[in-house]
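Reader: I keep meeting words like "buried" and "salt bridge". Could you show me how such labels are earned?

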Amino acid sequence: MKKTQRTIQSLSRAFQILDCFDAFHQRLTLAELAKMCNLNINTTRGLVNTLVYHQYLAHDQRANSYHLGLAFIPKADLVEETTILHTKDILQPLLKDWANEFTMSTRLIMMEEGQLITLYTEVPDNARYLLMTRSALPFPLHATSSGKIYLSSLREEELKKYASHTKLVPYTDATISTVEALTGEIEKVGREGYALELGEVYDGIGSMALPVKNHRGRIYASISFLSSNEEILEQRERILQVVEPVLQALAQRGY
């Protein structure tokens with residue numbers, strides 16, 4: 001039986017407050033923080049004041065709201081660089097192995113503030129035809145497998161905000177183009193642990209993406225496989241059997 005590590009409640013609550021801030025919640029009032037953390041308003045005030053004192057939060061007196069403070073600026077680049085290097089170094093050789101095993105293009109895609117960035121791509125050594133994507137072009141989140149993985153990492157209210165403020169462009173007849181259909185698709189991704197794109201950007205071309213998580217379960221990247229719709233569906237179960245245990249082991253190791 002695994003021994004449960006002792007944690008300090010006040011620190012856990014402080015981290016809980018910091019976790020409330022993201023791309024969709026950049027400024028929050030004290031009352032909003034207390035509600036999101038399910039904490040007493042006075043307890044929240046004490047924790048927030050401490051975070052402000054140490055510059056992990058900043059207080060906008062005019063709006064009477066809080067946002068992330070200057071203490072994060074010198075640390076953010078270091079954290080991002082370390083995470084990317086660890087992920088790339090570990091997964092890069094695996095991407096090549098998987099590209100050859102499944103005869104598909106494989107990609108490591110990082111997720112940052114609503115943007116998908118192709119960090120690395122591998123192609124099979126012995127394939128007569130190759131499918132590739134242009135890394136400079138933005139990925140439509142609602143129509144790609146990695147985009148759906150990103151959307152599945154959002155809170156319910158964040159997903160609703162995205163869906164209501166974003167034009168769901170129908171690239172093909174298969175593209176999800178309504179809020180209701182997108183919500184149902186993202187719920188399915190959350191249940192199944194992977195996402196599919198089947199002819200939603202280009203007819204006949206599909207992809208499958210699996211989430212890359214840290215030890216806290218937060219999704220920060222995806223591994224995707226690019227091929228024809230038929231190949232993706234035919235090899236879907238085998239991809240899950242091979243790749244999912246590797247990504248779970250990486251998360252447990254803290255990457």
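Author: Start with a pair of side chains in this predicted model. Lysine 148 forms a salt bridge with glutamate 185.

Reader: What makes lysine 148 and glutamate 185 a salt bridge?

Author: Their closest N and O atoms are 3.1 Å apart. The cut-off is within 4 Å, for a side-chain nitrogen of Lys or Arg and a carboxyl oxygen of Asp or Glu. So the pair qualifies. Lysine 148 lies in helix H5 (residues 145–152) and glutamate 185 in helix H7, so the salt bridge ties together parts 37 residues apart in sequence.

Reader: Is lysine 148 buried or exposed, and how do you know?

Author: Its relative accessibility is 0%. Buried means under 20%. Therefore lysine 148 counts as buried.

Reader: What else does the side chain of lysine 148 join?

Author: The side chain of glutamate 200, through a polar contact of 2.9 Å. The limit for such a pair of N or O atoms is within 3.5 Å, so this one passes. Glutamate 200 is found in the loop between strand E5 (195–198) and strand E6 (205–213).

Reader: Why is glutamate 200 called buried?

Author: Because its relative accessibility is 7%, and the label needs under 20%. Leaving aside neighbours within four places in sequence, glutamate 200 is in contact with residues including His142, Ala143, Tyr171 and Thr175.

Reader: Where is threonine 175 found?

Author: Threonine 175 is in the loop between helix H6 (156–165) and helix H7 (179–192). Threonine 175 is buried, with a relative accessible area of 7%. Its side chain reaches the backbone nitrogen of threonine 172 at 2.9 Å. Outside its neighbours within four places in sequence, its contacts include His142, Ala143 and Glu200.

Reader: How many salt bridges does a search of the whole structure find?

Author: Nine. One of the salt bridges found is between glutamate 158 and arginine 155, with closest N and O atoms 3.1 Å apart. Glutamate 158 counts as buried, at 4% relative accessibility. Arginine 155 has 29%. That value is neither under 20% nor over 50%, so arginine 155 is called partly exposed.

Reader: What makes lysine 160 and glutamate 156 a salt bridge?

Author: Their closest N and O atoms are 3.3 Å apart, and the limit is within 4 Å. Both residues lie in helix H6, four residues apart, about one turn of the helix. Lysine 160 and glutamate 156 are both exposed. Elsewhere, salt bridges that share partners join Asp22, Arg155 and Glu158 into one network.

Reader: Which residues of helix H2 are buried?

Author: In H2 (residues 30–37), they are Leu30, Leu33, Ala34 and Cys37. They cover an arc of only 100° around the axis, which puts them on the same side of H2. Ala31 and Lys35, on the other side, are exposed. The cover over the buried residues includes helix H1 (9–18), helix H3 (41–53) and strand E2 (65–68).

Reader: Which residues make the nonpolar surface patch of about 300 Å²?

Author: Ile8, Leu11 and Phe15. Isoleucine 8 sits in the segment before H1. Its relative accessible area is 46%. Patch residues need over 30%, so isoleucine 8 clears that cut-off. Exposed would need over 50%, so isoleucine 8 is only partly exposed.

Reader: How much of the protein chain counts as buried?

Author: Of its 255 residues, 38%.

Methods. Residues numbered from 1 in each chain as written. Predicted model: local features only at pLDDT ≥ 70, side-chain atom pairs only at ≥ 80, totals over all residues. Heavy atoms only, no water. Buried < 20%, exposed > 50% of the residue type's maximum accessible area, 1.4 Å probe, protein only. Helix = DSSP H or I, 4+ residues; strand = E, 2+ residues; numbered from the N terminus. Arc of directions from axis to C-beta. Contact = heavy atoms within 4.5 Å. Patch = residues over 30% accessible without salt bridge, like charges linked within 9 Å, V, L, I, M, F, W, Y side chains within 5 Å. Areas by Shrake-Rupley, 256 points an atom, 1.4 Å probe, with all protein chains shown as cover. Polar contact = N/O pair within 3.5 Å; in protein donor to acceptor, adjacent residues only side chain to side chain.
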